[in-house]
Structures are given as C-alpha cells and as structure tokens.
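Let's take a walk through this structure together, going from one helix to its surroundings and then on to the sheets and cores. Keep the 3D view open and turn it as you read.

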Amino acid sequence: MTSKLIFLGGSETVTGSKFLIEDGETRVLVDCGLFQGYKWLRERNWQAVPLDVQTLDAVVLTHAHLDHSGYLPVLYKHGFRGPVYCHPATRDLCRILLADSGHIQEEDARYYARHKLGRHAQPEPLYDRATAEACMELFQPVAFGKSFAVGDARFSLQAVGHILGAASVIAELAGQRIGFSGDVGRPDDLFMPPPAPLPALDRLLLESTYGDRRHEPGDPYAQLARIVNETAARGGVLLMPAFAVGRAQVLQYMLAVLMQRGEIPKLPVYLDSPMAIDVSEIYREYADLHRLEASDYERIGALVTCTRDVEESKALGELRYPHVIIAGSGMATGGRILHHLKRHLGNPANTVLFPGYQAGGTRGDKMRAGATAVRIHGHWHPVKARLETLHGLSGHADHVQIGEWLNASGLRADTAIHLVHGEPAALEAQRDYLRQQQDRLVEVAGYRQILHL
C-alpha cells in the first residue's frame with residue numbers, strides 16, 4: 001500500500017492551495033484554492049483538473065479565502081459529489097465568497113463580450129454563480145477539535161486565528177501525523193485570537209507568506225488617522241480596496257474608533273460591497289471566535305452606510321466632498337473597487353489605501369510598485385492619486401512569529417517541514433531562518449512534487 005502527498009497548488013506561490021493525500025484507496029484534497037495574481041498563474045485554473053475527480057473521497061478546507069476554497073465549484077462542475085469538511089464559520093463564509101466569485105466571473109465575461117475585449121468572441125466564466133451555490137450542498141461542518149474519518153485516514157481541525165473559522169488541519173494516516181498549517185494568524189491580531197499550538201507531528205506543511213519580512217512596528221491607528229486627515233484636507237476621496245472577510249470589518253472598526261476619539265473628522269463612510277456587508281453579519285453570529293463586542297457593532301452601524309444596490313454604488317461617483325469608500329476586491333482584481341478607481345485614480349487629491357498584502361501581478365501590486373497607469377476593463381487609467389499602504393493589519397504571522405508559534409507547539413526536533421504558500425524569495429528566507437534559528441528539517445515544496453510517505 002502506497003501513501004503519497006502531492007503538491008497541486010500553493011507551492012512556489014502564495015495562491016491556489018491544493019494538497020492531495022493518497023493512502024491506499026483513500027484520496028483526500030486538503031484545500032481547493034483558485035490561482036490568483038499573475039496571468040500565467042490564473043491560466044492554471046483553466047487547465048485540466050489536476051486529479052481524478054471520480055476517485056476523490058473528500059475535501060478538507062483550512063479556511064474560506066478563495067485561494068484556499070475558490071476551485072471547489074470547478075470540481076463540482078466536473079462531477080465531484082463527496083463531502084467538504086470545514087468549520088461551520090468557513091461554510092457560512094464560503095456560501096458568500098463562492099457565489100460572489102461565480103457572479104463576478106459571469107459579470108466580467110458579459111462585460112468583455114459586450115465591449116469585444118480580449119481574444120475570445122464569447123468569453124466564458126470559469127464557473128457561474130449557480131454552480132457555486134450548488135456546490136454548497138457538499139459542505140459538512142466540523143467543530144474545532146472534533147475528529148472525523150475519511151476512509152483509513154482521520155482528521156481534525158484546530159483554531160489558527162487569521163479569519164473566522166480558519167484552521168490547521170491535522171491528518172493521521174500511514175502511521176504518520178501530518179499537519180497543514182493553513183494561513184497562520186498573528187498573536188497580536190486586532191480581531192482574531194492567537195493560533196493554537198500544534199501537536200506533535202511527523203510532517204508539517206507550513207505557510208510562508210511573510211517568510212522574508214517582518215510586520216512593520218508602529219501604531220496602525222495613528223497611520224490611518226494621518227492618511228484620513230491628509231486626504232480630507234486636500235478635499236479628496238479615500239478609496240480602500242479591502243478583502244470582504246476580516247479586512248473590511250477591521251477598517252470599519254478602526255474608523256469608528258478614530259472618529260469617537262476625535263482624531264479624524266466625521267466623514268461619510270461607505271461599505272460598497274454586498275459581500276462584505278453579508279460577511280459582517282456572519283462575524284456578529286460567531287462572536288465567540290473574535291475580539292469584537294456588541295457595543296463595537298453598534299458604533300460601526302452608526303457610522304457606516306452600506307450600499308448593496310448597483311445604483312447606490314454608481315451614485316457614489318457623484319459625491320463632491322471628502323468621503324471614504326471601502327470596496328472589494330482587496331487586490332483590485334475585480335469587484336466594485338475597479339469602477340471607483342476609474343473615477344478617482346486620476347485625481348492627485350485622492351488617496352488609494354492598500355490595507356493588505358498585494359500578490360504579484362495584481363493591479364494593487366502594480367500600483368504599489370510604481371505603475372504610472374493600470375488597465376481596467378480594457379482601458380488604461382493614469383495613476384495620479386496618492387498611494388498608501390496601511391501596515392499592521394495583515395492576518396498572517398511573519399516569519400519570526402511563525403518560529404515562536406512552532407516553539408510553543410509540540411513539534412519534535414525531527415519534524416519534517418515543507419514550506420508552502422509563499423513567493424520564492426519568502427520561501428527561501430523562511431527556510432534559512434528556521435534552519436539557522438531552530439535547526440529544523442526544512443525544505444521548500446515544489447509545484448506538482450510527489451512526496452512518498
């Protein structure tokens with residue numbers, strides 16, 4: 001009987017996480033993410049499904065972000081009908097994120113067809129909203145700490161911070177215990193509790209998003225106050241491309257706190273993201289999983305205007321006074337933020353504030369790297385607005401915090417660590433750090449690498 005671990009995504013890049021476990025007749029996919037960012041990575045989503053869907057027994061998700069869950073509708077479209085195990089909060093978030101992903105792909109395909117953009121006469125979405133909604137029938141929620149079996153393997157989930165429902169997956173098979181870290185949260189996160197220590201493991205697949213850098217010191221509240229005040233003084237608009245899960249909620253909370261303190265003017269704040277509005281309601285439902293209290297939500301509700309309707313979103317473009325718009329997507333790859341960028345990017349009085357990591361190849365990354373123009377919906381738009389990056393809000397632990405988390409866990413000295421979910425420079429830097437500081441057995445996982453257990 002052979003047992004293998006195959007790296008089908010999330011290796012040599014920060015996106016597309018997919019790890020296939022094969023143990024005799026049992027086949028389980030841990031994470032099922034979309035490739036995002038560079039075009040050459042996104043094109044992998046359109047290649048043949050990299051596994052035999054008919055023999056796949058189950059999928060286990062670490063969390064709901066699309067680079068970990070967004071490929072599930074593709075599996076469903078190709079006939080997968082097995083269970084998808086995850087935390088209940090992950091299921092509820094996926095219900096929103098996957099449907100929105102399908103909707104955006106449909107809208108983009110229609111837009112490109114209508115305006116005859118791109119190389120295809122009839123652009124097609126990778127999957128549509130109906131398929132994304134249909135695949136939700138496969139989800140089977142599992143609480144943290146509860147063990148469940150798939151064939152001869154056993155699995156459990158443990159809290160890892162980062163976002164609601166995010167987990168490390170612990171798998172027991174072939175006489176080994178293998179950990180999949182998922183995205184590891186920060187010990188000092190504004191919203192989420194610190195990650196739980198890992199148990200003793202034979203192998204660990206470890207994320208490396210911040211493998212080559214530390215989180216910058218400083219007070220994110222003070223930085224946000226400066227940016228808001230400077231933009232308002234210029235009479236400008238502050239645009240915040242924000243992830244609907246976690247980041248949009250933190251930004252609303254921070255703005256409410258700063259206004260209550262009197263550190264920024266009471267500007268109108270618009271949450272122009274139906275998905276982020278729905279996600280905020282899920283945060284309310286799982287109050288035991290994060291740090292916010294009921295009074296915090298009351299404060300946010302009194303400040304923020306939610307714009308669900310498309311016409312309400314369009315009307316924001318007619319405002320001629322300083323205001324704040326929080327909209328998706330967080331890396332400016334799609335969503336309503338693109339329409340706001342088209343209106344406001346050419347005005348030097350305005351500010352675009354990136355409150356999170358920008359993956360290579362995304363519009364956000366290109367703007368932060370100094371692009372003088374960006375292409376949106378087939379047309380080039382000059383970048384004249386002021387660009388800022390808000391530090392201190394990342395949901396990922398940096399490499400030093402990862403090291404401290406490992407030290408606090410039950411890992412043995414001979415635990416084999418395979419680095420995943422990082423850009424090449426970050427992977428190399430985290431490997432060197434863990435080898436030097438902790439003398440651990442660390443290797444960088446390769447794309448499509450097959451590891452015999």
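**A helix and its neighbours**

The buried residues of helix α9 pack against α7, β13 (269-271), α8 (274-285) and β14 (304-306). Before going further, please bear in mind that this is a predicted model. Which residues of α9 (residues 294-303) are the buried ones? They are D296, Y297, I300 and L303. Looking down the axis of α9, you will find these buried residues within an arc of 125 degrees, so they line one face of the helix. Turn to the other side of α9 and you meet A294, E298 and A302, which are exposed. As for its placement, α9 lies across β13 and β14, and runs at about 70 degrees to β14.

Now move to α7, one of the elements that the buried residues of α9 pack against. Helix α7 spans residues 247-261 and holds Q252. Is Q252 buried or exposed? Its relative accessibility is 5%, and because of this low value, under the 20% cut-off, Q252 counts as buried. Setting aside neighbours within four places in sequence, Q252 is in contact with L271, S280, I300, L303, V304 and I326. Two of these partners, I300 and L303, are among the buried residues of α9.

Q252 also takes part in the meeting of two helices: A248, Q249 and Q252 in α7 meet A276, V279, S280 and Y283 in α8. Two packed helices are described by the angle between their axes and the distance between the axes. For α7 and α8, the angle is about 80 degrees and the axes are 9 Å apart. The two helices α7 and α8 are therefore roughly perpendicular to each other.

Let's go on to the strands beneath this discussion. β13 and β14 run parallel and are joined by 3 bridges, with Y270 standing opposite T305 in β14. Both strands belong to an open sheet of 6 strands, in the order β14-β13-β15-β12-β16-β19, with parallel pairing. At its edges are β14 and β19 (386-389), each of which pairs on one side only. On average, neighbouring strands of this sheet are turned by 20 degrees against each other, direction ignored.

Another strand worth a visit is β11 (residues 203-207), which is mostly covered, with 5 of its 5 residues buried. On one side sit R203, L205 and E207, on the other L204 and L206, so to speak two covered faces of β11. Strand β10 (residues 176-180) runs parallel to β11 and is joined to it by 3 bridges; here R203 is the bridge partner of I178. Strand β20 (residues 416-420) also runs parallel to β11, through 5 bridges, and its L419 stands opposite L206.

Finally, let's look at the cores. In soluble globular proteins, nonpolar side chains tend to be buried together. The largest nonpolar core here has 100 residues, of which V59, L75, L255, I326 and L406 touch the most other members. Helix α7 gives the most to this core, with 10 residues. I326 is also one of the contacts of Q252. Leaving aside neighbours within four places in sequence, L75 is in contact with L29, C32, V49, L51, V53, L56, V59 and F80. A second, separate core has 25 residues, including F19, A58, Y85 and V142.

Key:
Residues are numbered from 1 along each chain as its sequence is written. Side-chain values use heavy atoms; hydrogens and water are left out. Buried means under 20% relative accessible area, exposed over 50%, partly exposed in between (1.4 Å probe, protein chains only). Helices (H or I, at least four residues) and strands (E, at least two) are DSSP runs, numbered from the N terminus. Two strands pair if DSSP finds at least two bridges between them. Contact means heavy atoms within 4.5 Å. The arc is that of the directions from the helix axis to the C-beta atoms. A nonpolar core is a set of buried Ala, Val, Leu, Ile, Met, Phe, Trp, Tyr and Cys residues joined through side-chain atoms within 4.5 Å. Axes are lines fitted to C-alpha atoms, for helices over the stretch in contact, and angles run from 0 to 180 degrees between N-to-C directions. Angles under 35 degrees count as roughly parallel, over 145 as roughly antiparallel, 65 to 115 as roughly perpendicular and the rest as oblique.
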